[in-house]
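Trainee: Could you take me through one part of this model in detail? I would like to see how a single ring pair is placed, and then what surrounds it.

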Amino acid sequence: MNIDDCFQLGFIVKTHGTKGQVVAFFDVDYPEDYEDLESVFLEQKGRLIPFFIDTMEPVQKGRFIIRFEDIKTIEQAEALRNTAVYLPLDELPELEDDQFYFHDVIGYQVVDQNYGPLGIVKEFYDLPQQQLMAMEYLNQEMLVPVIDEVFLRADHETKQLHVNMPEGLLEVYTQPGGPDEADDKDDSEEQQ
């Protein structure tokens, strides 16, 4: 299985008990959708290796105690700590028409409802405070907060992502010098 054909479901957090069980965290909106998995792929040395699940018990939102078929000791389980857990892309739940997965829209043209075509979606960043979309805009990277009010719909036929940019965001990227240079100018005027 190739990593490009998969999505990261989560990761192994720690061991549990002494018989090879692990605690896994599934970093998805609806972890309960994945309670009946028979197998997952774990990333080891840059490769995805299939691991078959013997038992899986939900513990709390997004956390599961898992016993893999071939992991019988705490030492074997310890070797899996911090390992990324993957599933094939075809196991993603179906979305409604106006929804999309981030990986689906990379390379799409961003079209604002007021300004028209803006740039190309390059990547999504999952930061602790919020998620951001990075797009190529006027030969630079522009970061856009991922919130429902901004993202209207994805048109998969035309490969366009329709948005309603937050007021003032485009100006931050189009003003000469940007905000840092304006602060420097203010400082030099105060010193005179």
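Mentor: I will start with the ring pair, move to the residues around it, and then step back to the whole chain.

Keep in mind that this is a predicted model. The chain holds six aromatic pairs. One of them is Phe7 with Tyr34, whose ring centres are 6.4 Å apart. Their planes meet at 55°. Stacked needs under 30 degrees and edge-to-face needs over 60. The angle of 55° falls between these cut-offs, so the pair is tilted. The distance also passes, because the centres have to lie within 6.5 Å.

Where do the partners of this pair sit in the chain? Phe7 belongs to strand 1, which covers residues 6-16. Tyr34 is in the loop between strand 2 (21-26) and strand 3 (39-44). The two are 27 residues apart in sequence, so the pair ties a strand to a loop.

Are these rings' residues buried or exposed? Phe7 has a relative accessible area of 10%. Tyr34 has 7%. Buried means under 20%, so Phe7 and Tyr34 both count as buried.

Now the loop around Tyr34. Val28 lies in that loop too, between strand 2 and strand 3. Its relative accessible area is 24%, which makes Val28 partly exposed. Leaving out residues up to four places away in sequence, Val28 touches Leu9 and Tyr34. So Val28 has a contact with one ring of the pair, since contact means heavy atoms within 4.5 Å. Leu9 is 19 residues from Val28 in sequence. Their C-alpha atoms are 6.7 Å apart in space.

Next, strand 1 itself. Thr15 is placed in this strand. At 16% relative accessibility, Thr15 is buried. Beyond its neighbours up to four places away in sequence, Thr15 touches Gln21, Val22 and Val23. Its contacts also include Ile74, Ala77, Glu78 and Arg81. Of these, Gln21, Val22 and Val23 fall in the range of strand 2, residues 21-26.

Go to the segment before strand 1, and you find Ile3. Ile3 is partly exposed, with a relative accessible area of 34%. Its contacts beyond four places in sequence are Glu43, Leu48 and Tyr86. Take Tyr86. It is 83 residues from Ile3 in sequence. Yet the C-alpha atoms of Ile3 and Tyr86 are 8.1 Å apart in space.

Further along the chain, Glu141 gives another such link. Glu141 lies in strand 10. It is partly exposed at 42% relative accessibility. Past four places in sequence, Glu141 is in contact with Tyr125, Ala134, Met135 and Tyr173. Glu141 and Tyr173 are 32 residues apart along the chain. Their C-alpha atoms are separated by 9.0 Å.

Two backbone angles deserve a check. Leu138 has phi near 50°, a positive value in a residue other than glycine. Leu138 sits in the loop between strand 9 (131-137) and strand 10 (140-145). With a relative accessible area of 55%, Leu138 is exposed. Lys159 also has positive phi, near 55°. Its loop runs between strand 11 (151-155) and strand 12 (160-163). Lys159 is partly exposed at 49% relative accessibility. The cut-off for exposed is over 50%, so Lys159 stays in the partly exposed class.

Last, the whole chain. Its secondary structure comes to four helices and 12 strands. The C-alpha trace spans about 70 × 50 × 30 Å along the principal axes. The radius of gyration is 22 Å, where a compact globule of 192 residues would have one near 16 Å. Of the residues, 35% count as buried. The accessible surface is about 12400 Å², and 45% of this belongs to carbon and sulfur atoms.

What share of the contacts between residues at least 6 apart in sequence joins residues at least 24 apart? The share is 51%. The charges complete the picture. There are 13 positive and 42 negative charges. Their mean positions are 12 Å apart.

Technical notes
Residues are numbered from 1 along each chain as its sequence is written. This is a predicted model: local features need pLDDT of at least 70, side-chain atom pairs count only at pLDDT 80 or more; totals for chains, interfaces and linings use all residues. Side-chain values use heavy atoms; hydrogens and water are left out. The radius of gyration is taken over C-alpha atoms; the globule rule is 2.2 Å times the number of residues to the power 0.38. Buried means under 20% relative accessible area, exposed over 50%, partly exposed in between (1.4 Å probe, protein chains only). Accessible areas come from the Shrake-Rupley method with a 1.4 Å probe; for residues, only the protein chains shown count as cover. Lys and Arg count as positive and Asp and Glu as negative; His and the chain ends are not counted. The place of a charge is taken as NZ of Lys, CZ of Arg, CG of Asp or CD of Glu.
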